[in-house]
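Here are a few short exercises to work through with the model open beside you. Try each task before you read its solution.

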Amino acid sequence: MKTQEPGFAERDKTKTYKTLSPLTDNFRPLRGLSAETIKKFKVDVAGNPEEAGYVAKYPRFNEERQHVRNKVRYANKHFDYEGDPNPLTMFGQHVFPAGCASIITVTEGQDDAMAVYEMTGSKYPAVSIDGAASAEKDARDNFDYLNSFKEIVVCFDNDDPGRKAAIAFANVFTPGKVKIFQGSEEALKDANDYLLAKKAGTFTKDWWRAQPYTPDGLRLGSDMYEDIVNRPNHFTVPYPFESMNKKTYGMRLSEAVLLTADTGVGKTSIIKEIEYALLSNDELKEKGYGVGFLHLEETNADTCIGLMSIHDSKPYHLPDTPRDDADLRRAFDACINTDRVVLWDHFGSNSVDAVLDKVRHMHALGCKYIVLDHLSIVVSDQSGDERKQLDEISTKLKTLCMNLNIALLAVIHTNRQGTIRGSAGPEQMANIVFKLHREKDSADDWRRNVLKITVEKNRFCGRTGPGIYLFYNGIKGRLEELTPEEIEQYESGETLHAAQRGW
């Protein structure tokens, strides 16, 4: 056993190297290979293995094309080695100068390399590594030589070690440079088997069909056109306010929308307007797309009354609003009495897992739109690190949106500084972030009831900034868009008595 020295190949630790013996001109057919191919690769084939003491000697050459090593095959299929144990060029490399053709094939074994060369018409170079275990190292040791060819076809053995070695080999090169051979004959293990089975034509067809290998998670631009032209358009519905649609192009499935607001700003009013718009949308009715309600700060009855109030433009939740049973029944039948409305009877566990489970269940019941009001109360009900919990539920909700192809509208409260307490996770997960602002303490009743909405994040089209101004009409219990003139008055600090809005 030779002592391992710096620079020796890892694969050579257990190999015994005898004194290098000279080659003869015994270029005889071997394992289905023609004498011409044997001569091309300078393989010494014994006429009488018993007399010669070997079956064949596969020569290896250094970069100066000097014969420095033999791999010797014996009748019992045992191999031995002669000569220099240091890393060398690959078998067959001395036959084919760098870049001499457009395609080079790399195999696991010497007979396979010669078989590929012969089956592809003796036109394309073929070389061999020292086996599956050395695939990545051989690729790195001979990178410059192999990279000089436009394409590299890897044709390793059709078994688990061979398939793993092919990927390890291919990962050394630029994505798309290497093609991995996939044989159509499952019973044939390697290229020499194809030759022996007289399947050269089949091999050649499979060889030409080899597909470029790209590491997991990477795509080449040249492969992307079909994905681009066939890119799915996520189903979109409009918001109930034109100014919101101008900013966002509507509400899309697979996206998460986040409303951020201080307490008492008016987020319940705008949420219910959006919910009612979803329930009354004719296209959603036709498709049977439902809405899931997870309102954690009010009873389900209050949620329903709020939606019925919007339908009739009457604040039924106020005790001084005139109403009778017929009015309520008519409003109930119009917007609540449908399987498209799914409400969570949430009094009990509000844990992160419970919320996620309900979202999945609502989806199973046909809900394509989920409203969660609000995230803050979910994490406040838990013990432990609130920031981590917000990050966790935000990430998992976004994943559900994409996996289930649903739209999520979620609310989260901000602190007095207008930021989400302790975590940027909810804003990071959202496709669109609306920030709500209202002058709650204004002495002017008009300004006090104007809800200004700023788009802080818009992953879809990038349109951000203020531009959505809604006035709460207390008589109707509805939000109404300000006119351009009213927006200008609001931003200039002017007042406008609410009576001028019909209140």
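**Exercise 1: Confidence**

This is a predicted model, with a mean pLDDT of 87 for the protein and 90% of its residues at 70 or more.

Task: Find where the pLDDT is below 50.

Solution: Start at residues 1-13, over which the pLDDT is below 50. Next, look at the contacts: beyond near neighbours in sequence, this stretch has 24 of them in the model. Then keep a caution in mind: where pLDDT is low, the predicted coordinates should not be read in detail.

**Exercise 2: The open sheet**

Task: Work out the strand order of the open sheet of 9 strands and name its edge strands.

Solution: Trace the order, which is S15-S14-S16-S17-S13-S18-S19-S20-S21, and note the mixed pairing. The edges are strand S15 (341-343) and strand S21 (478-481), each pairing on one side only. From one strand to the next, the twist averages 25 degrees.

Now zoom in on strand S13 (residues 256-261) and strand S18 (residues 432-438): they pair in the parallel sense over 4 bridges. Within S18, Phe434 is the bridge partner of Leu259.

**Exercise 3: Positive phi**

Task: Locate Lys42 and Tyr249, then decide whether each is buried, partly exposed or exposed.

Solution: Begin with Lys42, which is not a glycine yet has a positive phi of about 60 degrees. Lys42 sits in the loop between helix H1 (35-40) and strand S2 (44-45). Its relative accessible area is 40%, so Lys42 counts as partly exposed.

Turn to Tyr249, also not a glycine, with a positive phi of about 65 degrees. The loop between helix H10 (242-248) and strand S12 (251-252) holds Tyr249. With a relative accessible area of 45%, Tyr249 is partly exposed.

Methods
Residues numbered from 1 in each chain as written. Predicted model: local features only at pLDDT ≥ 70, side-chain atom pairs only at ≥ 80, totals over all residues. Heavy atoms only, no water. pLDDT = per-residue confidence, 0-100. Contact = heavy atoms within 4.5 Å. Pairing = 2+ DSSP bridges. Helix = DSSP H or I, 4+ residues; strand = E, 2+ residues; numbered from the N terminus. Axes fitted to C-alpha atoms, helices over the stretch in contact; angles between N-to-C directions. Buried < 20%, exposed > 50% of the residue type's maximum accessible area, 1.4 Å probe, protein only.
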